[in-house]
Amino acid sequence: NIAQGDNFLAQIIPQIMASLAYQNNGVIVIWWDETEGGDDTARTIPEIIISKLAKGNAYASSLPMNHSSDIKTWSKVFGLPLINNAIPAGETNNYGGYNNVATVNDLSDLFVPGAIPAAPSSVCL
């Protein structure tokens, strides 16, 4: 299965990088959805950012982030209101409020300063 994923990425990443959208400050994000050992803040789920706007040089952030961080970031990038509804407690094992898009860290720490715009001023439910 790993070889199959590697082969897919080896084919699709160059195609995306050749696109005008990517060349115009585009971003490729590769992330895992689950860990092998569980779903809590003691486990790290890799997320790879490929972009000329990324910090690069194998930068690894020490800020806590999760999938809600991605949602918050793309909401900012596209000027969308931040959603305010947390994932119900019975549907996640995350602790410390990391399941609420409005309160998590965005991905700004992974990019050069100014790449991620400020948060929209309105919040919807």
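Lysine 76 is buried in this predicted model, with a relative accessible area of 12%. Because the limit for a buried residue is 20%, lysine 76 falls under it. The residue belongs to helix H3, which spans residues 67–77. Its side chain has a partner to talk to: a polar contact links the side chain of lysine 76 with the side chain of aspartate 106, at 2.3 Å.

Lysine 76 has company in H3, where Ser68, Ser69, Asp70, Lys72, Thr73 and Ser75 are buried as well. Readers who like to trace such a list along the helix may recall that an α-helix has 3.6 residues a turn, so residues three or four places apart point the same way. The buried residues of H3 pack against three strands, namely E1 (28–31), E2 (47–50) and E3.

Just after H3, the backbone of glycine 79 adopts a positive phi of about 65 degrees. Phenylalanine 78 is also found beyond the helix, in the loop between H3 and strand E3 (82–83). In contrast to buried lysine 76, phenylalanine 78 is exposed, with a relative accessibility of 61%. This assignment follows because the value lies over the 50% limit for exposed residues. Phenylalanine 78 and isoleucine 116 are separated by 38 residues in sequence, while their C-alpha atoms are 9.9 Å apart in space.

Both phenylalanine 78 and isoleucine 116 appear in the lining of the second largest pocket. The volume of this pocket is about 190 Å³. Its lining also includes Val27, Val29, Leu53, Trp74 and Val77, together with Phe111, Ala115 and Pro117. By residue class, the lining comprises 10 nonpolar residues, with no polar and no charged ones. Exposed phenylalanine 78 is thus one of the residues that line the second largest pocket.

It is worth stepping back to the whole chain. The protein chain contains 3 helices and 4 strands, and their order along the sequence reads α-α-β-β-α-β-β. Of the 125 residues in the chain, 23% are buried, and lysine 76 is one of the buried residues. Among contacts with a separation of 6 or more, 67% are between residues 24 or more positions apart. Finally, the accessible surface of the protein chain amounts to about 8300 Å², and carbon and sulfur atoms account for 56% of this surface.

Technical notes:
Residues numbered from 1 in each chain as written. Predicted model: local features only at pLDDT ≥ 70, side-chain atom pairs only at ≥ 80, totals over all residues. Heavy atoms only, no water. 1 Å grid on protein atoms, 1.4 Å probe; cavity = no way out; pocket = protein on both sides within 12 Å on 5 of 7 lines; lining within 4 Å. Points joined across faces, edges and corners; volume = space filled by probe spheres on them. Nonpolar A, V, L, I, M, F, W, Y, C, P; charged D, E, K, R; others polar. Helix = DSSP H or I, 4+ residues; strand = E, 2+ residues; numbered from the N terminus. Buried < 20%, exposed > 50% of the residue type's maximum accessible area, 1.4 Å probe, protein only. Polar contact = N/O pair within 3.5 Å; in protein donor to acceptor, adjacent residues only side chain to side chain. Contact = heavy atoms within 4.5 Å. Areas by Shrake-Rupley, 256 points an atom, 1.4 Å probe, with all protein chains shown as cover.
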